[in-house]
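Colleague: Please take one part of this model and look at it closely, beginning with a loop and then following whatever it leads into. I would like a single connected account, with the surroundings of that part included.

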Amino acid sequence: MQLIIAAVGHKMPAWIESGYAEYVKRMPPELKIVLKEIKPVERSGSKTAATAMALERERIEAALPKSVRIIALDERGKDLTSVGLSQQLETWQQDGRDTAFLIGGADGLDPALKARAEGLIRISSMTLPHGMVRVLLAEQLYRAWTITQNHPYHRV
């Protein structure tokens, strides 16, 4: 099973790349994290936020496998604990479908894409830089996996 992080944004700072890579390399081969960077829509005077989000939605959809489970990251999403995420991860692993976590651009995710998602998850109630969300999500996916394995990384 693959865990796909589809993130609008590219050319991340080295510290983001390094932090993200650290957690990706820790994951087991049977639960690989794959990053799909989506080029953001360049905003000009003629493009509204809604137009930019719709164009980014098309780019995200084109980057995803057809039968993937979509989980959108959204500030209004479900607030999961690390243990809650680990339980969800185990459930997803049982059906074997790849799962894609979507991180929107500066304006967020298109409402149609959020409506299509099988779930909405909130990483934080605070506004975070999109690159940092990649690192936090990768760390939480690693932590969730370690919880399922009774690994000592996660301490209660």
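Modeller: In this predicted model, M126 sits in the loop between β5 (119-121) and α5. Its relative accessible area is 63%, and because the cut-off for an exposed residue is over 50%, M126 counts as exposed. Although M126 and E75 are 51 residues apart along the chain, their C-alpha atoms are separated by 8.0 Å. E75 is in turn one of the residues nearest the centre of the largest pocket, together with L73, D74, G108 and H130. The elements that give two or more residues to that lining are β3 (69-78), β4 (99-103) and α5, so it is worth following the chain from the loop into the helix, which is defined as a DSSP run.

Helix α5 covers residues 130-148, and R134 is found in it. The end C-alpha atoms of α5 are 27 Å apart, which agrees with the 27 Å that its 19 residues should span at 1.5 Å a residue. Of those 19 residues, 15 are buried, so the helix is mostly covered, burial being set at under 20% relative accessible area. R134 shows this clearly, since a relative accessibility of 2% makes R134 a buried residue. If its neighbours within four places in sequence are set aside, R134 is in contact with I5, A7, V8, G9, H10, M12, Y20, L35, E37 and I103.

Two of these contacts, A7 and I103, also stand opposite each other, with I103 in β4. They belong to a pairing in the parallel sense between strand β1 (residues 2-8) and β4, which runs over five bridges. β4 pairs in the parallel sense with β3 as well, here over four bridges, and within that pairing the bridge partner of A72 is L102 in β4. As for burial, five of the five residues of β4 are buried. T99, F101 and I103 point one way from the strand, while A100 and L102 point the other way, and all are buried.

The pockets bring several of these elements together again. The largest pocket holds about 500 Å³ of space, and 22 residues line it. β3 gives the most to this lining, with four residues. By residue type, the lining divides into nine nonpolar, seven polar and six charged residues.

The second largest pocket has a volume of about 180 Å³. Its lining is made of D79, L80, T81, S82, L85, F101, I121, R122, I123, L136, L137 and Q140. The elements that give two or more residues to this lining are α3 (82-95) and α5, and the largest share, three residues, comes from α5. The division here is seven nonpolar, three polar and two charged. F101, a residue of this lining, is also among the buried residues of β4.

Helix α3 offers a further position to set beside M126. D95 is placed in α3 and is partly exposed, with a relative accessible area of 44%. The C-alpha atoms of D95 and E56 are separated by 29 Å, with their places 39 residues apart along the chain counted as the separation. For M126 and E75 the corresponding values are 8.0 Å and 51 residues.

To finish at the other end of α5, the chain runs on into a segment after the helix, and N150 is placed there. Just after α5, N150 takes a positive phi of about 55°, although N150 is not a glycine. Most residues other than glycine have a negative phi. N150 is exposed, with a relative accessible area of 71%. A positive phi is found at K11 too, where the value is near 60° in a residue other than glycine. K11 is found in the loop between β1 and α1 (14-26), and its relative accessible area of 74% makes K11 exposed.

Taken together, the path begins at the exposed M126, passes through the mostly covered α5 and ends at the exposed N150.

Conventions. Residues numbered from 1 in each chain as written. Predicted model: local features only at pLDDT ≥ 70, side-chain atom pairs only at ≥ 80, totals over all residues. Heavy atoms only, no water. Buried < 20%, exposed > 50% of the residue type's maximum accessible area, 1.4 Å probe, protein only. Contact = heavy atoms within 4.5 Å. Expected span 1.5 Å × (residues − 1). 1 Å grid on protein atoms, 1.4 Å probe; cavity = no way out; pocket = protein on both sides within 12 Å on 5 of 7 lines; lining within 4 Å. Points joined across faces, edges and corners; volume = space filled by probe spheres on them. Nonpolar A, V, L, I, M, F, W, Y, C, P; charged D, E, K, R; others polar. Pairing = 2+ DSSP bridges.
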